[in-house]
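Me: I'd like to go through the labels on this one and check each against its cut-off. Can you take them in turn?

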Amino acid sequence: MKWSRVMLLAVPLALGAALLRAGPVPELALSALALIPLAALIGEATEELAARTGPFIGGLLNATLGNAAELIIALAGIRAGLLDLVKASITGSILGNMLLVMGLSLLVGGWRHGVQRFSRQRAGVLTTMTVLAFIALGIPSLFSHTIAAHHPEAVETLSLGVAGLMLALYILSVLYTLRAREPLGGHAIAHARWTLPQAMGILALATLGVVIMSEILVHALEPALHALGLTEFFVGIILIPLVGNAAEHLVAVQMAAENQMDLSLEIAVGSSLQIALLVVPVLVFASLALGRPMDLVFHPLELVALMMAGAIAAFIALDGETNWLEGAQLLTVYDMLGIAFFFV
């Protein structure tokens, strides 16, 4: 994680750019760069706490704090009223894990080791849960037009009901995982290197840093996008997910390079599961508290892309083995979607 320590220099630079009003583009770029090492620190501190609290509490910490940075960024977007951007970032996070991270992992691991094998049973549980989560995300969108024609207010109620059920399903999945003593949507618990006060202090400071950088990023976002000629939709799909989860992405690729495909797939697919079943419901309920209700009605192209990603992941999990060509195929699909979303 040495690279993340160097990138922390972007934090004071982003603060200086915001205070000196250097302009929206520098503020956006520097705050986005600063979020990458801060998100890595949150993940590292969470692992340290997990190593000191035992397998049960440690697994719970990994399951709940694995996507803390993305959640904070999304909350900042909701406060700013950028609901379409937030929903696009949800889609982008899932697609990034299922296609980009898994694709890079299969490509790097397969190129180094040839055919790689993993637990079909474990991968099957993860992909089945993820497909179910995608179906849940699609229900409000599919029924919204019919419902809105007669009961416009019912779309928000439907979104809240679906969010509540998704959160309940996530809690059940965590309980199942902890009883089975297997990691779900997180890293294997490592040996502690920091003291408990150190881990808690770093977690608190990194979280505060993410909050501040998220506010700078969101404040600079609209004028910067206007200056660069980009859309909120494209930035939400591509840029924000990369910023919030870059460290975990690199860990998944590293695990594949070390021929630990079970752990690599746990990180990639499990992170998508956390986004869909934990982060999304929390954002829906938090948006009510913030006075900016967010429904779960997504763009049709987002739904199609999610279903494609879920289907591809399920196909890969069927035979319990992967190769570098499958990784190249996943990356090709991600690139195609990126080009398409650029013009939406």
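Reply: Sure, here is how the labels follow from the values.

This is a predicted model, where local features need pLDDT of at least 70 and side-chain atom pairs count only at pLDDT 80 or more, while totals for chains, interfaces and linings use all residues. Residues are numbered from 1 along each chain as its sequence is written, and side-chain values use heavy atoms, with hydrogens and water left out.

Me: What makes the chain as compact as a globular protein of its length?

Reply: Its radius of gyration is 19 Å, close to the 20 Å that the globule rule gives for 344 residues, so the label fits. The radius is taken over C-alpha atoms, and the rule is 2.2 Å times the number of residues to the power 0.38. Along the principal axes, the C-alpha atoms fill a box of roughly 50 × 45 × 35 Å. The fold has 13 helices and two strands, both read as DSSP runs numbered from the N terminus (helices H or I, at least four residues; strands E, at least two).

Me: Why is α6 called roughly antiparallel to α11?

Reply: Helix α6 (residues 83-113) and helix α11 (residues 261-289) pack at about 175°, with axes 9 Å apart. That angle makes the pair roughly antiparallel, since angles over 145 degrees get that name (under 35 is roughly parallel, 65 to 115 roughly perpendicular, the rest oblique). The axes are lines fitted to C-alpha atoms, for helices over the stretch in contact, and angles run from 0 to 180 degrees between N-to-C directions.

Me: Which residues make that contact, and how many are charged?

Reply: Among them are I90, I94 and M102 of α6, and V269, S272 and A276 of α11. The contact residues divide into 16 nonpolar, six polar and no charged. Here Ala, Val, Leu, Ile, Met, Phe, Trp, Tyr, Cys and Pro count as nonpolar, Asp, Glu, Lys and Arg as charged, and the others, Gly among them, as polar.

Me: How do you know whether T130 is buried or exposed?

Reply: T130, in helix α7 (residues 120-150), has a relative accessible area of 1%, so it is buried. The cut-offs are under 20% for buried, over 50% for exposed and partly exposed in between (1.4 Å probe, protein chains only). Leaving aside neighbours within four places in sequence, T130 is in contact (heavy atoms within 4.5 Å) with M98, V269, S272 and L273.

Me: And what class do R21 and N259 fall in?

Reply: R21 comes out at 70%, so it counts as exposed. N259 is at 42%, so that residue is partly exposed. R21 is in the loop between α2 (10-19) and α3 (24-52), with phi near 55°, a positive value in a residue other than glycine. N259 is in the loop between α10 (232-257) and α11, and has a positive phi of about 65° although it is not a glycine either.

Me: What makes something a nonpolar core, and which members touch the most others in the largest one?

Reply: A core is a set of buried Ala, Val, Leu, Ile, Met, Phe, Trp, Tyr and Cys residues joined through side-chain atoms within 4.5 Å. The largest has 66 residues, with I90, I94, M102 and L137 touching the most other members. Helix α11 gives the largest share, 15 residues. Beyond its neighbours within four places in sequence, L137 is in contact with residues including I94, M166, A276 and V280. A second, separate core of 39 residues includes L38, A206, M213 and I216.
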